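Reader: Hi! Could you walk me through this one?

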Protein chains: 2
Amino acid sequence: MHDAAIAALSDLLGDRLVTTRADRELHGQNETYYPLTLPDAVAYPESTEEVSAILKICNEHLCPVVAYGAASSLEGQHLAVRGGISLDMNRMNKLLKVNAEDLNAVVQPGLTRLTLNEELRATGLFFPVDPGADASIGGMTATRASGTTAVRYGTMRENILAMEAVLADGTIVRTGSQARKSATGYDLTHLLVGSEGTLAIITELTVRLQGQPEAISAATCRFDSVEDAVNCVILTIQSGLPMARIELLDQNMVKGFNKYANAGLPETPHLFLEFHGTPAGVAEQSETFGAIAEDFGAQDFKTATKTEDRNALWAMRHKAHYASAALGDGGHLMTTDVCVPISRLAEAVTQSQEAAGRYGLCVTIVGHVGDGNFHCGISLDPTNDEELKRGKAFSAELNELALRVGGTVSGEHGIGVGKQAYMEAEHGSALIMMRAIKTALDPKNILNPGKMLPSNA
Amino acid sequence: MHDAAIAALSDLLGDRLVTTRADRELHGQNETYYPLTLPDAVAYPESTEEVSAILKICNEHLCPVVAYGAASSLEGQHLAVRGGISLDMNRMNKLLKVNAEDLNAVVQPGLTRLTLNEELRATGLFFPVDPGADASIGGMTATRASGTTAVRYGTMRENILAMEAVLADGTIVRTGSQARKSATGYDLTHLLVGSEGTLAIITELTVRLQGQPEAISAATCRFDSVEDAVNCVILTIQSGLPMARIELLDQNMVKGFNKYANAGLPETPHLFLEFHGTPAGVAEQSETFGAIAEDFGAQDFKTATKTEDRNALWAMRHKAHYASAALGDGGHLMTTDVCVPISRLAEAVTQSQEAAGRYGLCVTIVGHVGDGNFHCGISLDPTNDEELKRGKAFSAELNELALRVGGTVSGEHGIGVGKQAYMEAEHGSALIMMRAIKTALDPKNILNPGKMLPSNA
């Protein structure tokens with residue numbers, strides 16, 4: 001397939017256009033339940049100009065192009081479901097510039113968030129978005145990633161100031177500016193954030209940075225019921241407390257951590273928290289939260305101010321995927337996420353638990369509940385059709401529940417191939433707008449075809 | 001002109017389709033230097049369905065439609081420069097719902113921000129975006145407004161969760177959801193925020209609300225030079241102090257307030273500030289700011305904690321437009337704004353002052369400097385061609401300066417008719433994307449033609 005495009009790309013890139021089975025397999029894998037999906041070839045561009053040249057060739061030959069970063073996407077966004085080229089951005093992984101005075105940095109899309117933060121350490125600044133995985137900044141942008149700190153610092157939507165990107169026909173564009181805000185022109189930056197590589201290939205990003213807080217304090221506490229935990233979260237957010245992190249773990253998730261990481265936690269719902277600010281501010285926040293939590297019967301309120309204790313806590317939290325998988329027999333996991341208005345969070349979480357029981361599934365719930373966003377980790381064997389069917393039925397019910405209460409079928413994992421069936425239900429006639437934009441910007445549908453938009457075959 | 005469309009609209013709307021000279025004149029005026037620009041008729045829709053029916057008719061008859069709210073736009077956005085219909089949204093001005101638990105409200109576009117805040121008073125919540133004028137929420141959205149509090153609470157970009165809008169062909173769409181974040185589909189909400197009525201007509205908005213801070217304290221201080229004042233701002237922002245407001249007034253602006261409002265201030269550059277938080281937090285912020293300001297030679301640091309004193313301060317600040325106009329002979333003002341990276345703010349402000357002198361113009365500088373955004377108020381007589389020419393030459397130099405330092409030609413006033421000449425310089429090939437989107441969504445170019453995009457004739 002796509003022999004003419006591959007030949008032309010080979011002329012352009014030499015040995016940076018690879019068609020070996022091994023490399024195609026590597027780029028066809030994913031972290032969740034989607035089957036191995038091979039691209040026809042893998043391209044390794046090293047510059048924006050090369051990305052432009054690649055897209056020109058692919059556009060001419062109607063050859064699909066799918067950007068590939070850290071492959072940590074959870075709805076199959078990086079899989080070449082219509083064949084074509086896996087565009088591996090990992091050689092474009094430099095931190096180009098830190099504008100410390102302007103609290104931003106210019107990065108290439110292949111740079112991962114942990115490497116960025118490592119390189120920023122001496123500046124006293126950090127990049128706050130934390131989806132757990134060490135994702136690439138480009139991939140995080142394309143999927144509108146968020147994570148544990150979004151409740152305080154926003155998602156990728158709030159943290160991208162400007163971009164360079166390449167359109168389907170090879171045109172290189174720049175969106176946004178180095179200024180913190182602008183009222184000029186259409187907001188192309190935000191149009192590309194979350195577009196899952198279907199409108200353009202991102203080649204450079206200006207990301208907002210934050211000053212390291214003077215003081216950080218983490219805490220954990222536990223509740224008798226998930227309702228108590230969630231209602232505590234709701235009141236905390238409504239009180240305007242500037243939580244840096246507020247994460248819910250249901251009793252199954254705690255079991256998973258006990259099994260996978262020997263956490264030794266009592267197996268009841270927990271909140272994991274973090275406060276950022278001045279020393280006095282952090283103390284005040286912690287005290288205010290403590291008073292709210294007490295009203296909901298919180299027990300074992302423990303704080304961790306030492307860096308190593310905090311790091312250990314969040315390192316464990318970030319293993320939720322594997323800890324959930326560990327609860328099942330085969331170690332496999334179907335993972336999903338929804339986001340609901342915070343006023344409906346308690347009912348959404350408890351109804352999800354009820355549904356899991358009804359389907360006879362082992363499901364963990366963990367989430368960025370300050371945003372109304374939670375994940376269900378469904379332990380199942382993806383090669384067992386019957387189990388997979390039950391998993392999908394549960395997931396469908398979860399999505400319908402989210403929409404029924406005014407929410408969205410994904411707070412952070414995105415649509416990819418997994419959730420296209422819900423685009424119509426969630427967006428209705430706005431899909432007409434989305435399709436018109438897609439057709440206008442990528443008339444030959446070479447950019448990540450088969451993703452996001454249900455008609456994008 | 002557009003007789004067929006007007007006849008059909010008249011059948012639809014009865015006496016809510018008005019063609020009197022008086023009404024057309026009212027809708028053809030503006031706050032700044034653009035000449036009177038008459039629409040052919042004024043329509044007063046009362047529902048989304050009516051807006052849809054109006055657009056269907058206008059699309060069929062190729063009749064331009066320009067949304068009209070409080071007419072407080074400053075770059076002529078609401079003027080029907082190609083004739084057609086002024087779509088007066090002021091009858092769609094209801095607060096439809098307050099979702100206090102979710103910290104949002106659903107409003108119609110004609111509701112003004114002060115009325116919204118008045119209606120919210122009993123809830124303990126407020127809508128934070130404050131551009132000064134009592135603009136309509138729909139208009140603020142369409143121009144991506146910001147203002148004095150954007151440094152803390154963001155611009156309209158950060159404060160719109162969801163929308164209902166009508167496309168050129170009458171299709172009604174809903175964007176976003178009631179959840180705080182989503183990773184599904186293209187970000188149509190942000191595409192419409194700042195689109196100046198050129199892509200769709202907004203008919204309903206879900207806006208984010210904030211809890212009233214427990215404590216608020218305002219302050220003023222003055223500096224020997226504008227560089228000292230700006231450098232104080234830069235360090236304050238870089239320190240991560242969560243300023244709620246931080247406004248610069250240069251010496252001319254202070255003169256204007258003395259003349260217009262008998263402010264009795266020493267005629268040197270000032271900062272007007274506001275701190276929001278807990279009582280302890282506000283005290284800590286104020287103290288930290290005071291220490292920074294002292295390093296830059298600040299004098300007369302005065303705080304105002306009483307509501308009436310704070311209100312008087314900001315009421316005066318919001319009269320900057322009129323106070324600037326008062327400095328000139330005829331009371332007329334050309335106003336402009338740019339936004340630059342904060343590291344370049346001091347040079348941008350001082351170069352603007354230098355340029356004003358060079359052009360022999362009386363220019364005030366006032367701005368939301370925490371965002372790098374400042375305004376120049378140019379006193380001139382718009383009927384004096386020579387003065388207008390100098391004013392425009394100064395404004396051109398200011399825009400070029402903003403772009404040279406990595407900024408944008410408008411932080412909040414937008415493009416409208418006034419700044420189209422800079423779209424190419426600021427956005428380059430990204431204009432191709434903007435034009436493609438405009439053509440895809442409004443192929444007959446009936447939505448606010450002649451605005452924003454230079455080719456949008």
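Author: Happy to; we can talk about the chains, how they meet and some salt bridges.

Author: This is a predicted model, where local features need pLDDT of at least 70, side-chain atom pairs count only at pLDDT 80 or more, and totals for chains, interfaces and linings use all residues. Residues are numbered from 1 along each chain as its sequence is written, chains are lettered from A and ligands numbered from 1 in the order in which they are written, and side-chain values use heavy atoms, leaving out hydrogens and water.

Reader: Cool. How many residues of chain A are in contact with chain B?

Author: 76 residues of chain A are in contact with 76 residues of chain B, contact being heavy atoms within 4.5 Å.

Reader: And how much area do they bury between them?

Author: About 6200 Å², with 60% of it on carbon and sulfur atoms. Buried area here is the accessible area (1.4 Å probe) that two parts lose on being put together, summed over both. Lys181(A), Tyr186(A) and Met433(A) supply 16% of what chain A buries against chain B, more than any other three residues.

Reader: What rotation superposes chain A on chain B?

Author: A rotation of 180° with 0.0 Å of shift along its axis, at RMSD 0.0 Å. That is the relation of a two-fold axis. The fit is by least squares on the C-alpha atoms of residues with pLDDT of at least 70 in both copies. The copies meet through the same surface, because 100% of the interface residues of chain A are also interface residues in chain B.

Reader: Nice. How many salt bridges are there between the chains?

Author: Six between chain A and chain B, taking a side-chain nitrogen of Lys or Arg within 4 Å of a carboxyl oxygen of Asp or Glu. In one of them, Glu412(A) pairs with Lys181(B) at 3.8 Å, N to O. Over all chains, the count comes to 42.

Reader: Which side chain does Arg16(A) meet in a salt bridge?

Author: Glu50(A), at 2.7 Å, N to O. The pair links distant parts of the chain, 34 residues apart: Arg16(A) is in the loop between helix H1 (3–13) and strand E1 (17–18), and Glu50(A) is in helix H3 (residues 48–60). Helices (H or I, at least four residues) and strands (E, at least two) are DSSP runs, numbered from the N terminus.
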